[in-house]
Amino acid sequence: MNEGDRILMTELIVQLKQALAEKAEAEQQIGVWLERMKLAQDAGKPELFEAARERARRVRDELRAVESRIMDLEVQKESLRGEVKASRTNEGSAVVARTRNLLKSLEGTPMDPTEARFERMEKEADAEDALAALKRRMGQE
């Protein structure tokens, strides 16, 4: 590995560690806002529930962006490793082309177990809202 590759790999690793820390923070924050959604719903405060839902959506979007960046950094790191290895074995250009194609194919792929949890919580909240509205309507009639 030459000096330029070493510097690039170091930078990729630093960025990856920062992104992983951001992901952990976002996961913690989404948990907080989902819990606040539940508390607001249990307390019968629709305004607070909607505000918490909006914050949870923003955090979810941030989480998606960070996860995408992590995936991109991982691919770049593996690509660099492959390029260094290929340059040692003189397979350079074919391996680089395949790696770049792999990098392009991974752009925008879905990859979020947290997304499923968020959507499930939203569906539960919507169902509970509908049930509460139905109970109010039945009580008024």
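Trainee: Which element gives the largest share of the lining of the second largest pocket?

Mentor: That is H4, which contributes 4 residues to the lining. Please keep in mind that this is a predicted model.

Trainee: Which elements give two or more residues to that lining?

Mentor: They are helix H1 (3-42), helix H2 (46-89) and helix H4 (113-140).

Trainee: Which residues line the second largest pocket?

Mentor: The lining consists of Ala 40, Gln 41, Gly 44, Lys 45, Pro 46, Phe 49, Glu 50, Glu 128, Asp 129, Ala 132 and Arg 136. By class, 5 of the lining residues are charged, 4 are nonpolar and 2 are polar.

Trainee: And how much space lies in the second largest pocket?

Mentor: About 180 Å³. As background, empty space of this kind is found by rolling a probe the size of a water molecule over the atoms.

Trainee: Let me step back to the whole protein. How many helices and strands are there?

Mentor: The protein has 4 helices and 0 strands. Along the sequence, the pattern reads α-α-α-α.

Trainee: What percentage of the residues count as buried?

Mentor: Of the 141 residues, 27% count as buried.

Trainee: Which residues touch the most other members of the largest nonpolar core?

Mentor: This core has 13 residues, and those with the most contacts to other members are Trp 33, Leu 34, Met 37, Phe 49, Ala 56 and Val 59. At least two residues of the core come from each of H1, H2 and H4, and the largest share, 6 residues, is supplied by H1. Phe 49 appears in the core and also in the lining of the second largest pocket.

Trainee: What sits over the ring of Trp 33?

Mentor: The charged end of Arg 36 does, at 4.5 Å from the centre of the ring.

Trainee: How many aromatic pairs are counted?

Mentor: The count is 0 aromatic pairs.

Trainee: A change of topic, then. Where is Glu 83 placed?

Mentor: Glu 83 lies in helix H2. From C-alpha to C-alpha, Glu 83 is 9.5 Å from Asp 5 in space, although 78 residues separate the two in sequence.

Trainee: Why does Glu 83 count as partly exposed?

Mentor: Because its relative accessible area is 28%, and partly exposed covers the range between under 20%, which is buried, and over 50%, which is exposed.

Trainee: What about Glu 78: where is its place?

Mentor: Glu 78 also belongs to helix H2. With a relative accessibility of 42%, Glu 78 counts as partly exposed. Its C-alpha is 9.6 Å from that of Met 9, and the two residues are 69 apart in sequence.

Key. Residues numbered from 1 in each chain as written. Predicted model: local features only at pLDDT ≥ 70, side-chain atom pairs only at ≥ 80, totals over all residues. Heavy atoms only, no water. 1 Å grid on protein atoms, 1.4 Å probe; cavity = no way out; pocket = protein on both sides within 12 Å on 5 of 7 lines; lining within 4 Å. Points joined across faces, edges and corners; volume = space filled by probe spheres on them. Nonpolar A, V, L, I, M, F, W, Y, C, P; charged D, E, K, R; others polar. Phe/Tyr/Trp six-rings, centres within 6.5 Å; stacked < 30°, edge-to-face > 60°. Lys NZ or Arg CZ within 6 Å of the ring centre and 35° of its normal. Core = buried A, V, L, I, M, F, W, Y, C linked by side-chain atoms within 4.5 Å. Buried < 20%, exposed > 50% of the residue type's maximum accessible area, 1.4 Å probe, protein only.
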